[in-house]
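Hi,

Here is the structure I promised to pass on. Have a look first, and then read my notes on the pocket and the salt bridges.

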Amino acid sequence: LNEKEVKIPAAWLIENAGMKGVKDTNQKVGTHPTQPLVIVNYEKVSGSEIVEFMKLIQKKVKEKFAIVLENEVNLI
């Protein structure tokens, strides 16, 4: 970081974008109620459905803060 950059925790961004404890429209995948960085597979959905939910989180954060969240995990 330089003097013009700041670190903002991803959990804070996700929570303040309204995505903490939120489930998808089918109620099958969502963020943990107390840990917004954790995506929970409630109904044994496919990996692609989890990725779609992750993209929704990224979209909401980008819309609210103009910040793009990057994946920390490798998607295969």
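Helices here are DSSP runs of H or I with at least four residues, numbered from the N terminus. Bear in mind that this is a predicted model, where local features need pLDDT of at least 70 and side-chain atom pairs 80 or more, while totals for chains, interfaces and linings use all residues. Residues are numbered from 1 along each chain as its sequence is written, and side-chain values use heavy atoms, without hydrogens or water.

Pocket first. On a 1 Å grid over the protein atoms alone, a pocket is an open set of points where a 1.4 Å probe fits, with protein on both sides within 12 Å along at least five of seven lines; lining residues have an atom within 4 Å of a point. The largest one holds about 540 Å³, counted as the space filled by probe spheres set on the points, which are joined across faces, edges and corners. Its lining has 18 residues, with Leu37, Met54, Glu70, Asn71 and Glu72 closest to the centre. Both α1 (10-16) and α2 (47-65) supply at least two lining residues, and α2 gives the largest share, six.

Now the salt bridges (a side-chain nitrogen of Lys or Arg within 4 Å of a carboxyl oxygen of Asp or Glu): there are three in the whole structure. Lys20 pairs with Glu15 at 3.7 Å between the closest N and O atoms. Within α2, Lys55 and Glu52 sit three residues apart, about one helical turn, and their closest N and O atoms are 3.9 Å apart. For Lys59 and Glu63 that distance is 3.7 Å, and these two are four residues apart in α2, again about one helical turn.

Cheers
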